[in-house]
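Me: I am new to this structure and should like to understand the terms applied to it. Please set out the reasoning behind each of them.

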Amino acid sequence: MSTVRRAAVLGSPIAHSLSPVLHRAAYARLGLGHWSYDRFEVDEAGLPGFVEGLDSSWAGLSLTMPLKRAVIPLLDEITGTAASVEAVNTVVLTEDGRRTGDNTDIPGMIAALRERGVEKVESAAVLGAGATASSALAALAEICTGPVTAFVRSRERGDEMRGWGDRLGVDVRVADWGRAGEALHAPLVIATTPAGTTDSLAAAVPAAPGTLFDVLYEPWPTALASRWSSAGAPVVGGLDLLVHQAVLQVEQMTGLDAPLAVMRTAGEAALAAREG
């Protein structure tokens, strides 16, 4: 009989997370009937107790906000990728109790863009300046050969983005959010803002835009993504990112090749059911 193995996604709020759908689809395809993947509502105050209570049956954790930085002091080590943005979204647990933190959002972004044929760009624009924006800069450090313009709402946010740029080796220029329409002319636009924030920009999409990466997956498509698609240009969505980062998590936790297409289909079906 196979040893029971457990994994889960933690965060607050967590009820709408698609991670269980994606990971369980992978386990089913891989024949891992003895694996389970759940979700737990855990905030920063509750995280240390939760992590300390894990036994040897646990293989890994997925982490969403607000835990990506709070978890770092609880780990034995983190990868260079996670250290580059001071954010961990994946914890791999060994049977001897060792905890290693990684960040699969960054390679997940790169893989999602590559899937749409984006290997290198000469410049890019980032809309927003939150935690996802720093991951976007880390991804751009790998694929963007020139400057990245960050469109932000405050001087403080602009300073933060410049700081991340210095740390990641990215030439970050800062522009006021009031000029965000200019971003849409970049070869690659990464929108990292909350739902509804970019809706007013849809009318400013140029006739022949480059590639849009909108990290939202619900509601989808966003007004900006819909207009972009109507212009016949490539759009990468939040589900693409979610699936690609989950693929990397499954592979790290199980040691097996994850079924990308199966996981994507499961995610699409779950979102369609919510809309229905």
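Me: Why is valine 92 called buried?

Reply: In this predicted model, valine 92 has a relative accessible area of 17%. Buried means under 20%, so valine 92 is buried. Valine 92 is found in strand S5, residues 90–93.

Me: What makes contact with valine 92, leaving aside its neighbours within four places in sequence?

Reply: Valine 92 is in contact with Ala59, Gly60, Arg98, Arg99, Thr100 and Gln252. Contact requires heavy atoms within 4.5 Å. For aspartate 76, which is 16 residues apart from valine 92 along the chain, there is a separation of 11 Å between the C-alpha atoms.

Me: How do you know that S5 and S6 pair, and which way do they run?

Reply: Two strands pair if there are at least two bridges between them. Four bridges join S5 to S6, and the two strands run antiparallel. One partnership is that of valine 91 with glycine 101 in S6. The hairpin of S5 and S6 has five residues between the strands, and in this hairpin glycine 97 takes a positive phi near 95°.

Me: How many bridges join S4 to S6?

Reply: Two bridges join S4 to strand S6, residues 99–102. At least two are needed for strands to pair, so the requirement is met. S4 and S6 run parallel. Glutamate 77 has threonine 100 in S6 as its bridge partner.

Me: What makes the pairing of the sheet mixed or uniform, and in what order do the strands lie?

Reply: Strands of a sheet pair through backbone hydrogen bonds, either parallel or antiparallel. Here the pairing is mixed: S4 and S6 run parallel, whereas S5 and S6 run antiparallel. Six strands form this open sheet, in the order S2-S1-S3-S5-S6-S4.

Me: Why do S2 and S4 count as standing at the edges?

Reply: Strand S2 (35–41) and strand S4 (77–78) each have a single partner strand, so one side of each is left without a neighbour in the sheet. Helix H1, residues 19–30, packs on the sheet, where it touches strand S1 (5–11), S2 and strand S3 (58–63). The direction of H1 makes about 175° with that of S2.

Me: Why is glutamate 86 called partly exposed?

Reply: Glutamate 86 has a relative accessible area of 36%. Buried is under 20% and exposed is over 50%, so glutamate 86, in between, is partly exposed. Glutamate 86 is found in the loop between H3 and S5.

Me: What makes the phi of glutamate 86 worth noting?

Reply: Most residues other than glycine have a negative phi. Glutamate 86 is not a glycine, yet its phi is positive, at about 50°. Glycine 117, just after H4, also has a positive phi, of about 85°.

Me: Where are the cis peptide bonds before proline 13 and proline 66?

Reply: One peptide bond, from serine 12 to proline 13, is cis, with omega near 0°. Proline 13 lies in the loop between S1 and H1. Another cis peptide bond joins methionine 65 and proline 66, with omega about 10°. Proline 66 lies in the loop between S3 and S4. Most peptide bonds are trans.

Me: Why is the pair of tyrosine 27 and tryptophan 35 called tilted?

Reply: The structure holds four aromatic pairs. In the pair of tyrosine 27 and tryptophan 35, the distance is 5.4 Å centre to centre, and there are 55° between the planes. Centres within 6.5 Å make a pair, stacked planes are under 30 degrees apart and edge-to-face planes over 60, so this pair is tilted. Ring pairs also link Phe40, Phe50 and Trp58 into a cluster.

Me: How do you know that tyrosine 27 and tryptophan 35 are buried?

Reply: Tyrosine 27 has 3% relative accessibility, and the relative accessible area of tryptophan 35 is 12%. The limit for buried is under 20%, so tyrosine 27 is buried, and so is tryptophan 35.

Me: What covers the buried residues of H4?

Reply: The buried residues of helix H4 (residues 105–115) are Asp105, Ile106, Gly108, Met109, Ile110, Ala112 and Leu113. Their cover includes helix H3 (80–85), helix H5 (131–143) and H8. Strands S10 (188–191), S11 (211–214) and S12 (235–236) are also among the covering elements.

Methods:
Residues are numbered from 1 along each chain as its sequence is written. This is a predicted model: local features need pLDDT of at least 70, side-chain atom pairs count only at pLDDT 80 or more; totals for chains, interfaces and linings use all residues. Side-chain values use heavy atoms; hydrogens and water are left out. Rings of Phe, Tyr and Trp (its six-membered ring) pair if their centres lie within 6.5 Å; planes under 30 degrees apart count as stacked, over 60 as edge-to-face and the rest as tilted. Buried means under 20% relative accessible area, exposed over 50%, partly exposed in between (1.4 Å probe, protein chains only). Axes are lines fitted to C-alpha atoms, for helices over the stretch in contact, and angles run from 0 to 180 degrees between N-to-C directions.
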